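Here are some exercises to work through with the model open beside you. Try each task on your own before you read the solution.

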Amino acid sequence: MTATNTNFFQPVDAAEVPRFAGHSTFMRLPAVPSAAGLDIALIGIPWDGGTTNRAGARHGPREVRNYSSLMRRAHHVSGIEPFSVANVADIGDVSVNPIDLLDGLQRIQAGIAAVVKEGAIPLSVGGDHLTTLPVLRAIATTGPIGLIHFDAHSDTNDQYFGNNPYTHGTPFRRAVEEGLLDPKRIVQIGIRGSVYDPGEHDWAKNQGIRIIYMEEFVRRGAHDVMEEARAIVGDAATYVTFDIDSIDPSMAPGTGTPEIGGFSTREAQELVRLLQGVRIVGADVVEVAPPFDIGGITAIAGATILFELLCVIAAQVAATR
Ligand SMILES: [Mn+2]
């Protein structure tokens, strides 16, 4: 399955050029102008216009690029060499509009649609969680897809501040309403924290969305939970979204809406590795907010989860080539 191709883009080797030198790109890969010829396109979505509390995720892509210089060529557990079995590069950031929400959503959708059109799998870094909605609009063009969603919050609320339907607390409700996601193929893992109302998750549950609260994860463990998650999404097209606030704020404080009692970074890595076998058509890491980070630990977590996702998707590319 390791059909390696020496024409694929390769990261700068840290044994030749130190990590702190050179251009800052995802995984130290070349920056290319489009997704043409790529299997997996790494792309930034520097937009936090849907943030309801602490803003700053617009700065996420740049900091994740910076700390992704810590990633190396191969995964130490799976043995996957993502840059040898898949052609991967950094295609830059999508166009955004920080002062117009609806135009911002349209620009993000157009940016991801350009990736999909080239046949590449978009692996993006937000941005707040509302960015996942236009990404899904660009990907789920032929019918609803499945979703594996790591988060402290369900993000299935309806309206905020009056009649505003678009915030980072509403993307998955909108995506179900728009027919982008099949609610019976959605699983949310790590949900926790106080709620606006005891019935806050009733809408999601009534749609058939499976919510695995943090307390259930702690009881069952990663293997059992991910076995169920893989069964829920089955063999069909599935998106994976990783909100960095699913990780405990002691390990990922730089985020908009921190909730204690979260995953350790080690648990998060294990969960992502257990995605192996899921048919992933796109994935993201969202809500890294550098203004609230300390020593870059949240950006390191975001960059490492991005690498974990990349390795799982690259293995899938290699297996289906
Ligand atoms: Mn979220």
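**Exercise 1. Find which residue of E7 is the bridge partner of leucine 147, and place E7 among its neighbours.**

Solution. This is a predicted model, so begin by picking out the strands in it.

Step 1. Leucine 147 has tyrosine 239 as its bridge partner in E7.

Step 2. The two strands concerned, E4 (residues 145-150) and E7, pair in the parallel sense, and five bridges hold that pairing.

Step 3. Now look to E8: tyrosine 239 stands opposite glycine 282 there. Strand E8 (residues 280-286) runs parallel to E7, with six bridges joining them.

Step 4. Check how well E7 is covered. Strand E7 covers residues 238-243, and six of its six residues are buried. One side carries Thr238, Val240 and Phe242, the other Tyr239, Thr241 and Asp243, and all of these are buried, so both faces of the strand are covered.

**Exercise 2. Write down the order of the strands in the open sheet and say which strands stand at its edges.**

Solution.

Step 1. The sheet has eight strands with parallel pairing, in the order E2-E1-E3-E8-E7-E4-E5-E6.

Step 2. The edges are strand E2 (88-93) and strand E6 (210-213). Each has a single partner strand, so one side of each is left without a neighbour in the sheet.

Step 3. From one strand to the next, the twist averages 15°.

Step 4. Take a look at the pairing of E6. Strand E5 (residues 181-191) runs parallel to E6 and is joined to it by four bridges. Within this pairing, isoleucine 189 has isoleucine 212 of E6 as its bridge partner.

Step 5. Add two helices. H10 packs on the sheet and touches E1, E2, E3, E7 and E8, with its direction at about 175° to that of E8. H4 lies across E3, E4, E5, E7 and E8, and runs at about 165° to E8.

**Exercise 3. Decide whether H9 and H10 are roughly parallel or roughly perpendicular, then do the same for H1 and H10.**

Solution. Two packed helices are described by the angle between their axes and the distance between the axes.

Step 1. For helix H9 (residues 265-273) and helix H10 (residues 297-320), the axes come within 9 Å and cross at roughly 20°.

Step 2. Angles under 35 degrees count as roughly parallel, and H9 and H10 are therefore roughly parallel to each other. Their crossing is right-handed.

Step 3. List the residues that meet. H9 brings Thr265, Ala268, Gln269, Val272 and Arg273, while H10 brings Ala301, Ile305, Glu308, Leu309 and Val312. By class, this contact has six nonpolar, two polar and two charged residues.

Step 4. Turn to helix H1 (residues 60-67), which packs against H10 at an angle of about 75°, the axes being 8 Å apart. An angle from 65 to 115 degrees counts as roughly perpendicular, and H1 and H10 are therefore roughly perpendicular to each other.

Step 5. In this contact, Gly60, Glu63, Val64, Asn66 and Tyr67 come from H1, and Ala299, Ile300, Gly302, Ala303 and Leu306 come from H10. These residues divide into six nonpolar, three polar and one charged.

**Exercise 4. Where do arginine 28 and glutamate 287 lie, and are they buried or exposed?**

Solution.

Step 1. Arginine 28 sits in the segment before strand E1 (40-45). Its phi is near 65°, a positive value in a residue other than glycine.

Step 2. The cut-off for buried is 20 or more other C-beta atoms within 10 Å. Arginine 28 counts as buried because there are 23 C-beta neighbours inside 10 Å.

Step 3. Glutamate 287 is in the loop between E8 and H10. Glutamate 287 also has a positive phi, about 75°, although it is not a glycine. With 32 other C-beta atoms within 10 Å, glutamate 287 is buried.

Step 4. For another case, try alanine 318, found in helix H10. Alanine 318 has 19 C-beta neighbours inside 10 Å and so counts as partly exposed.

**Exercise 5. Which two residues does a cis peptide bond join, and what is omega there?**

Solution.

Step 1. The cis bond joins glycine 126 and glycine 127, with omega about 20°.

Step 2. Place it along the chain: glycine 127 lies in the loop between strand E3 (121-126) and helix H4 (132-139).

Definitions and conventions
Residues are numbered from 1 along each chain as its sequence is written. This is a predicted model: local features need pLDDT of at least 70, side-chain atom pairs count only at pLDDT 80 or more; totals for chains, interfaces and linings use all residues. Axes are lines fitted to C-alpha atoms, for helices over the stretch in contact, and angles run from 0 to 180 degrees between N-to-C directions. Angles under 35 degrees count as roughly parallel, over 145 as roughly antiparallel, 65 to 115 as roughly perpendicular and the rest as oblique. A crossing is left-handed if the near helix is turned anticlockwise from the far one by less than a right angle, and right-handed if clockwise. Two residues are in contact if their C-beta atoms, placed from the backbone, lie within 7 Å. Ala, Val, Leu, Ile, Met, Phe, Trp, Tyr, Cys and Pro count as nonpolar, Asp, Glu, Lys and Arg as charged, and the others, Gly among them, as polar. A residue is buried if 20 or more other C-beta atoms lie within 10 Å of its own, exposed if 12 or fewer, and partly exposed in between; C-beta atoms are placed from the backbone. Two strands pair if DSSP finds at least two bridges between them.
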